[in-house]
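This report goes through a few local features of one chain, from its strands and backbone to its charged side chains. Please keep the sequence and the coordinates at hand while reading.

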Amino acid sequence: MKKIMDILKEKMTEGFAAAGYDAKYGMISVSNRPDLCQYQCNGAMAAAKEYKKAPIMIAGDVTEKLAGDEVFEKIEAVNPGFINITVSGAFLAGYVEKMITEKHFGVEELPKKTIVIDYGGPNVAKPLHVGHLRSAIIGESIKRICRFMGNEVIGDAHLGDWGLQIGLIITELKKRQPELVYFDENYEGEYPKEAPFTISDLEEIYPYASSYSKEHEDYRKEAQEATAKLQSGVRGYRALWEHILKVSIADLKKNYDKLNVEFDLWKKESDVQAYIPEMVDELKRAGFAHESEGALVVDVAEETDKKEMPPCIIVKSNGATLYATTDLATIVEREKLFHPAQIIYLADKRQSLHFTQIFRVIKKTGIASRDISLDFIGFGTMNGKDGKPFKTRDGGVLRLQVLREKINEEVYKRIRENRDYSDEEAREIAEKVGLAALKYGDLSNQASKDYIFDVERFSSFEGNTGPYILYTIVRIKSLLQKYRENGGQFSGENLLLAPISTSETEVFLTLSKFADMMENAYQELAPHKICQYVYELSEAFNHFYHETKILTEENEERKISYLTLIGLVQKILEQCIELLGFEAPDKM
């Protein structure tokens, strides 16, 4: 199904060509003066120089050719040469009516490709904190958007499981429980299936060990030795590592489930270790890697760089590999396993240099296909009302679970204040509305921007918030249910009548923009564009609702048209929030 902007563009290019001008000038845009018209074309202004003719004369020639076309209710040339366009109600109704029965409401799927999205990025043995929020929910939404557009999409959590943090945990466990069989080098039997610790134990052990190692060099060296033993394959240490993974992943999945975030893969840094030796040898053999101050590096600077671009370190002077090494090997593995056309990374924007380096290594060396599109989406910081990164009252990093519970509690209070629900029902509704408040509050901001996390504002049932969007959906559900309870029947695919009021027209116009919006959100990997759209559509519906007697409309045909229209609004809103990663309750 053609986008409405494409239909209008075709009409305008035909008009320019018919009037004797180059069709390229028939570009249109949404009007920046909606009080005057719905769309506008400024092509006559641009054509004036080429044709040495006043813009208003060119605009007049074009509108004369298009006058009477059934698509337009009004098309006029106005000084100094703009073409103002208002589409006809019949055309608008026909276009929106077609959306009802079209797959994806008329959004055309683009050529299918395989995409890997690397998001989440938690380290094992550590609880999720607010720093993990943006990666998880932006990545989840982008994954859903890419799938909606017809792609094969693989979401990978990409766990950090192979570094010093594991050595620190093992070292501290040995201090606390030296009798554990894992530390007996002569033990040859099977290790216990159950871990000698819980996730709560790990969440206490790691911070303690990390802090202690910063003040005690001998302890840190012991942890580094433990890490080396793990990576070299010492049985007991490998068994402990597997326990850490199992306990951590179970807890991570539980927390991600609460966020409605689901990964297709739980690949780990350790999974690509086997690729590293061959990859490093290849970089050496091909002459891309060379020694610099004892380290093995690849130069990635380019002539067009405006700032100094340091080389990408592949192997440190002590022989250790780095995140860059692991990330390069991960691209090699992903190409081998999935043959992706595109890999998208979600991480803090402060990691921009890191990703620039590894992307350039791939393009320069060809250790993986140079044809893979490598994209980094760097997100900003979620800050408190003081404008500083979100912290607990004592200055610690706030756990994601605590943040989620905090916003759920705020929503719960609002529901109990204004609605007569049982405690259990209120809690259930608060869970869904709280998730919408949390996700929408984040996703409505452009990913690269820092933003202020305001629990009170985000949980409000009014304004540009997740709860407001859900309340709009629930309001439509209630209207349709009331109609059916009173014996009314309609399929939801009935004929739409041309709009007869300004507010109804605005609903039609906003619905017609859905395909354009989705294509832009996909091309720019920008969930905030969906947020902008759902707010605009919710506002349009609510204005229409307040100005129109929908259920008491005496003309039955007009009433069915109203119900069909708002039924489509509900479906589009529900599709949009599904792409954002949350859902609406049946009542609020």
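## Sheet and crossing helix

Helix H1, which spans residues 4-18, lies across strands E1, E2 (39-41), E3 and E4, and runs at about 35° to E2. The model is a predicted one, and what follows is computed from its atoms.

The 4 strands form an open sheet in the order E1-E2-E4-E3, with antiparallel pairing. Its edges are strand E1 (29-30) and strand E3 (72-78), each of which pairs on one side only. Between E3 and strand E4, the latter covering residues 82-87, 6 bridges are found, and the two strands run antiparallel. Within this pairing, Lys 74 has Thr 86 in E4 as its bridge partner.

## Backbone details in the loops

The loop between E3 and E4 contains Pro 80, and the peptide bond that leads from Asn 79 into Pro 80 is cis, its omega being near 0°. A reader following the chain from one of these strands to the other will therefore pass Pro 80 on the way, since Pro 80 lies in the loop between them.Two residues other than glycine have a positive phi. For Ala 125, phi is near 70°, and the residue is found in the loop between strand E5 (114-118) and helix H5 (133-148). For Asn 260, phi is near 60°, and its place is the loop between helix H9 (235-258) and helix H10 (276-285).

Are these two residues buried or exposed? Ala 125 has a relative accessible area of 2% and is therefore buried, the cut-off for that class being under 20%. Asn 260, with a relative accessible area of 31%, is partly exposed.

## Salt bridges and their surroundings

The count of salt bridges in the model comes to 39. One of them joins the side chains of Arg 33 and Asp 35, with an N to O distance of 2.6 Å. Arg 33 counts as partly exposed because its relative accessibility is 40%, whereas Asp 35 is exposed, with a relative accessible area of 54%.

Another salt bridge is formed by Lys 103 and Glu 109, whose closest N and O atoms are 3.2 Å apart. Here the lysine, Lys 103, is exposed, at a relative accessible area of 56%, while Glu 109 counts as partly exposed, at 39% relative accessibility.

## A link between distant parts of the chain

Lys 477 and Asp 586 also meet through their side chains in a salt bridge, at 3.3 Å from N to O. This pair links distant parts of the chain, given that Lys 477 belongs to helix H16 (residues 466-485) and Asp 586 to the segment after helix H20 (556-580), with their positions 109 residues apart in the numbering.

How do the two partners stand in terms of burial, and which relative accessibility does each have? Lys 477 has 17% relative accessibility and so counts as buried, but Asp 586 is exposed, with a relative accessible area of 65%. Elsewhere, salt bridges that share partners join Glu 140, Lys 143, Arg 144 and Glu 578 into one network.

How values were computed:
Residues are numbered from 1 along each chain as its sequence is written. This is a predicted model: local features need pLDDT of at least 70, side-chain atom pairs count only at pLDDT 80 or more; totals for chains, interfaces and linings use all residues. Side-chain values use heavy atoms; hydrogens and water are left out. Two strands pair if DSSP finds at least two bridges between them. Contact means heavy atoms within 4.5 Å. Axes are lines fitted to C-alpha atoms, for helices over the stretch in contact, and angles run from 0 to 180 degrees between N-to-C directions. Buried means under 20% relative accessible area, exposed over 50%, partly exposed in between (1.4 Å probe, protein chains only). A salt bridge is a side-chain nitrogen of Lys or Arg within 4 Å of a carboxyl oxygen of Asp or Glu.
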